[in-house]
Amino acid sequence: MKTPKRLQPLQEEGLIDEVMRQLMSGKEATVYVVRCGEEIRCAKVYKEASQRSFKNAASYQEGRKVKNSRQARAMEKGTRYGRKMQEEVWQNAEVDALYRLAAAGVKVPRPYICHEGVLLMDLVTDADGNAAPRLNDVELTPELARQYHAQLLHQVVLMLCAGVIHGDLSEFNILVDEEGPVIIDLPQAIDAASNTEAGVMLERDVNNLATYFGQFAPELNGSKFGKEIWKLFTAGLLTPETALTGIVAQDTRPVDLGAVMEEIESAIFEEKERQRRLLEM
């Protein structure tokens with residue numbers, strides 16, 4: 001096929017030799033199958049912010065670090081330079097997450113380079129060497145649903161132990177190769193320690209899995225794996241070997257409203273101090 005404009009710089013740099021076909025187009029990017037020498041890989045071309053349909057991006061960008069204070073101020077003010085920096089941070093987040101998670105033993109595609117808004121990475125394939133299907137396109141038996149659910153819970157735990165939460169995990173961004181589920185689409189991945197919505201996002205990811213697999217294995221409906229994983233993580237008790245039950249005892253102790261108000265006031269004060277420091281830079 002004709003080389004798309006966004007892929008031409010990679011071809012000129014010798015990073016890809018041929019664009020073979022378009023694989024898919026989603027809310028964040030368009031993905032192409034490409035040839036790099038004798039290797040078949042995929043090139044993920046990120047859409048511009050104005051074209052993306054991903055919601056609440058600001059929630060996912062909380063806690064992400066930028067190179068210097070000038071960039072931080074520009075991003076805060078929403079200048080043209082700041083918007084450019086936000087795009088770089090958004091795109092680099094996936095590359096960083098992929099390297100970090102691969103090192104932690106999570107099943108994700110291996111990345112090679114991110115160049116001018118294009119991420120070059122491994123093409124996930126099935127047993128026949130064809131592009132692997134999405135989870136929602138795979139026919140599941142109750143037994144296979146339980147098996148994949150358990151494998152993905154383990155991947156979520158491995159991710160969290162590495163300090164990463166997917167943030168948008170569902171049957172639509174999980175591929176299935178010959179060995180099982182592979183997690184993809186990570187530009188919205190968040191740092192578990194620095195994002196105040198981390199627990200909510202982790203629980204939502206896990207609940208999405210339970211809802212999907214619960215169609216085939218009804219006993220998964222109503223399970224509390226997300227709450228259990230987060231509770232263990234915040235207590236410092238979560239490890240890749242932790243046995244999960246999906247059951248969490250309810251806390252019936254009365255709420256300490258005074259302590260809650262102190263936390264809120266402390267958070268407001270810290271935010272005001274952060275804004276003051278930014279203005280002083």
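Start with strand β2: there, Q22 finds its bridge partner in Y32. This is a predicted model, so treat everything below as a description of a prediction. E18 also has a bridge partner in β2, namely R35. These pairs belong to the contact between β1 and β2 (residues 29–36), which pair in the antiparallel sense over 6 bridges. Between the two strands sit 3 residues, and together β1 and β2 make a hairpin.

Now look at the other neighbour of β2. The strands β2 and β3 pair in the antiparallel sense too, over 8 bridges. V31 has K44 as its bridge partner in β3, and V33 has C42. This pair is a hairpin as well, with 2 residues between the strands. One residue in that turn, G37, has a positive phi of about 65°.

C42 turns up again on the way to the next strand, since it stands opposite M121 in β5. Strand β5 covers residues 118–122 and runs antiparallel to β3, with 5 bridges joining them.

Here are the three pairings side by side:

| Strand pair | Sense | Bridges |
|---|---|---|
| β1 and β2 | antiparallel | 6 bridges |
| β2 and β3 | antiparallel | 8 bridges |
| β3 and β5 | antiparallel | 5 bridges |

How are the strands ordered in the sheet? It is an open sheet of 5 strands, and the order is β1-β2-β3-β5-β4, with antiparallel pairing. What holds such strands together, in general, is backbone hydrogen bonding, in either a parallel or an antiparallel arrangement. At the edges you'll find β1 (18–25) and β4 (111–115), each pairing on one side only. Neighbouring strands are turned by 25° against each other on average, direction ignored.

Are β2 and β3 mostly covered or mostly open? Strand β2 is mostly covered, with 7 of its 8 residues buried. Strand β3 (residues 39–46) is mostly covered as well, and 6 of its 8 residues are buried.

Time to step back to the whole protein chain. Its secondary structure comes to 8 helices and 9 strands. The chain has 281 residues, and 42% of them count as buried. Take the contacts between residues at least 6 apart in sequence: 59% of these join residues at least 24 apart.

Next, the cores. In soluble globular proteins, nonpolar side chains tend to be buried together. The largest nonpolar core here has 50 residues, and the members that touch the most others are L101, L135, L140, I165, L186, F213 and I229. Helix α5 (residues 142–161) supplies the largest share of this core, 9 residues. There is also a second, separate core of 11 residues, whose members include L7, V19, V34 and L120.

Two of those well-connected residues deserve a visit. F213 lies in helix α6. Why does F213 count as buried? Because its relative accessibility is 0%, while the cut-off for buried is under 20%. Leaving aside neighbours within four places in sequence, F213 is in contact with L135, L140, A145, Y148, H149, L152 and L220. F213 and R146 are 67 residues apart in sequence, yet 7.3 Å apart in space, C-alpha to C-alpha.

I229 is the other one. Not counting residues up to four places away in sequence, I229 touches L153, V156, V157, L160, L202, V206, L238 and L244.

I229 also takes part in a meeting of two helices. Helix α6 (residues 198–213) and helix α7 (residues 225–234) pack at an angle of about 140°, and their axes are 8 Å apart. The crossing of α6 past α7 is right-handed. Which residues meet there? From α6 come A198, G199, L202, E203 and V206, and from α7 come F225, G226, K227, I229 and W230. Sorted by class, this contact has 6 nonpolar, 2 polar and 2 charged residues.

One last stop is Q155 in helix α5. Is Q155 buried or exposed? Q155 counts as buried because its relative accessibility is 9%. Setting aside residues up to four places away in sequence, Q155 touches G105, V106, K107 and I183.

Key:
Residues are numbered from 1 along each chain as its sequence is written. This is a predicted model: local features need pLDDT of at least 70, side-chain atom pairs count only at pLDDT 80 or more; totals for chains, interfaces and linings use all residues. Side-chain values use heavy atoms; hydrogens and water are left out. A nonpolar core is a set of buried Ala, Val, Leu, Ile, Met, Phe, Trp, Tyr and Cys residues joined through side-chain atoms within 4.5 Å. Buried means under 20% relative accessible area, exposed over 50%, partly exposed in between (1.4 Å probe, protein chains only). Helices (H or I, at least four residues) and strands (E, at least two) are DSSP runs, numbered from the N terminus. Contact means heavy atoms within 4.5 Å. Axes are lines fitted to C-alpha atoms, for helices over the stretch in contact, and angles run from 0 to 180 degrees between N-to-C directions. A crossing is left-handed if the near helix is turned anticlockwise from the far one by less than a right angle, and right-handed if clockwise. Ala, Val, Leu, Ile, Met, Phe, Trp, Tyr, Cys and Pro count as nonpolar, Asp, Glu, Lys and Arg as charged, and the others, Gly among them, as polar. Two strands pair if DSSP finds at least two bridges between them.
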